[in-house]
Amino acid sequence: MKPFFGLVLLLLFISCEKNTSNRNPFLQEVSFRFDLNLNLPLYNGLNNIGNPVYVGNNGVGTRGAFVMRTGIDTFLAFEASCPNHTPNNCSTMTIQGQNVICSCEDFEYSLFTGGQLNRPDDGNRYYDLLFYRTTQSGNTVSISN
């Protein structure tokens, strides 16, 4: 009976392999933590749902981050560098309403979902925005990776 359980355990161990196929090859995983004080005029826009703010401070992601309040106590944050090519002089995206645009190819992404809105149908793989964690404590929103 012991060899049977050993074989089952071995099969489970072998089948539990880490799948890294969804990792974005264009953007590095940068470790950081940054706190936004919602009382400051710079981040005042985050007091309203659907109003994104660009955080371009050094050490925040690769090219900064876009942060948006999506509900009463819900915030989303995404990398500001276009996820579909390596960072370059045109890859820092700009806010257009509740979306962001990459000026390199005019790719458009939703800040509510992080998804690419105008994904070409050419058979190539395209990536959505790189997501950062957010937590709120009182009037402070922390973004981190």
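Is Cys-104 buried, partly exposed or exposed? Cys-104 counts as partly exposed, at 28% relative accessibility. A few notes on the cysteines follow; keep in mind that this is a predicted model.

1. Let's begin with the bond itself. There is one disulfide in the structure, and the partners are Cys-90 and Cys-104, with 1.8 Å between their sulfur atoms. If you're new to the term, a disulfide is a covalent bond that joins the sulfur atoms of two cysteines.

2. Now for where the two ends sit. Cys-90 is found in the loop between β4 (74-79) and β5 (94-96), while Cys-104 is in the loop between β6 (99-102) and β7 (107-110), so the pair ties together parts 14 residues apart in sequence.

3. On handedness: the S-S torsion of Cys-90 and Cys-104 comes out at about 110 degrees, so this disulfide is right-handed.

4. Back to accessibility. Cys-90 is partly exposed too, its relative accessible area being 24%, and Cys-104 has 28%.

5. Don't overlook Cys-82 and Cys-102. Cys-82 is in no disulfide, and the nearest cysteine sulfur, 3.3 Å away, belongs to Cys-102. Looking from the other side, Cys-102 has its closest cysteine sulfur in Cys-82, and 3.3 Å is too far for a bond. The cut-off that matters here is that a disulfide needs the sulfur atoms within 2.5 Å.

6. As for their surroundings, Cys-82 is buried, at 0% relative accessibility. Cys-102 is buried as well, with a relative accessibility of 0%.

Methods: Residues are numbered from 1 along each chain as its sequence is written. This is a predicted model: local features need pLDDT of at least 70, side-chain atom pairs count only at pLDDT 80 or more; totals for chains, interfaces and linings use all residues. Side-chain values use heavy atoms; hydrogens and water are left out. Helices (H or I, at least four residues) and strands (E, at least two) are DSSP runs, numbered from the N terminus. Buried means under 20% relative accessible area, exposed over 50%, partly exposed in between (1.4 Å probe, protein chains only).
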